[in-house]
Amino acid sequence: QDLSWWKKEIAELNSKKKSDEMYERLLGFVSLACYSYSGSALQQNNLAAAEKILAIYQLADPGNKDCENFLVELNRRKAGN
């Protein structure tokens, strides 16, 4: 799905997580999946995929240090260093 769809879905999960911990677990799953897929995309040097996945990762788990590290690596590669 595109990023606007993810923004809507993650906002909905965040609004519901206070009343039902299942939504917190779903956000955790999205975060874990993004960790796995973004790491794989970076290993394969698929920067377009990594960029999209990391945008979703930031929405699902803001402030996550692994996500921040992947973003640093992505930006380093995009700059050609």
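The exercises below deal with aromatic pairs, one helix packing and one buried serine in a predicted model.

Residues are numbered from 1 along each chain as its sequence is written, and side-chain values use heavy atoms, without hydrogens and water. Local features need pLDDT of at least 70, side-chain atom pairs count only at pLDDT 80 or more, and totals for chains, interfaces and linings use all residues.

**Exercise 1.** State how many aromatic pairs the structure holds, and classify each one.

*Solution.*
Step 1. Rings of Phe, Tyr and Trp (its six-membered ring) pair if their centres lie within 6.5 Å; planes under 30 degrees apart are stacked, over 60 edge-to-face, and the rest tilted.
Step 2. The structure holds two such pairs. Trp 5 and Trp 6 form one, with 5.0 Å centre to centre and 90° between the planes, which is edge-to-face.
Step 3. Tyr 35 and Phe 70 form a tilted pair, at 5.4 Å centre to centre and 45° between the planes.
Step 4. Tyr 35 belongs to helix 2 (residues 21-43) and Phe 70 to helix 4 (residues 65-79), so this pair ties together parts that are 35 residues apart in sequence. Helices here are DSSP runs (H or I, at least four residues), numbered from the N terminus.

**Exercise 2.** Decide whether Tyr 35 and Phe 70 are buried, partly exposed or exposed.

*Solution.*
Step 1. Buried means under 20% relative accessible area, exposed over 50%, and partly exposed in between (1.4 Å probe, protein chains only).
Step 2. Tyr 35 has 38% relative accessibility, so it is partly exposed.
Step 3. Phe 70 has 17%, so it is buried.

**Exercise 3.** Describe how helix 2 and helix 3 pack.

*Solution.*
Step 1. Helix 3 covers residues 47-60; its axis and that of helix 2 are 9 Å apart, at an angle of about 160°. Axes are lines fitted to C-alpha atoms over the stretch in contact, and angles run from 0 to 180 degrees between N-to-C directions.
Step 2. The two helices are therefore roughly antiparallel (an angle over 145 degrees).
Step 3. The contact (heavy atoms within 4.5 Å) includes Tyr 35 and Ser 38 of helix 2, and Ile 53 and Tyr 57 of helix 3.
Step 4. By class, the contact of helix 2 with helix 3 has 15 nonpolar residues (Ala, Val, Leu, Ile, Met, Phe, Trp, Tyr, Cys and Pro), two polar and no charged ones (Asp, Glu, Lys and Arg are charged, the others polar).

**Exercise 4.** Locate Ser 38 and list its contacts.

*Solution.*
Step 1. Ser 38 is in helix 2.
Step 2. Its relative accessible area is 0%, so Ser 38 is buried.
Step 3. Apart from neighbours within four places in sequence, Ser 38 is in contact with Ile 53, Leu 54, Tyr 57 and Phe 70.

How values were computed. Parallel < 35°, antiparallel > 145°, perpendicular 65-115°, else oblique.
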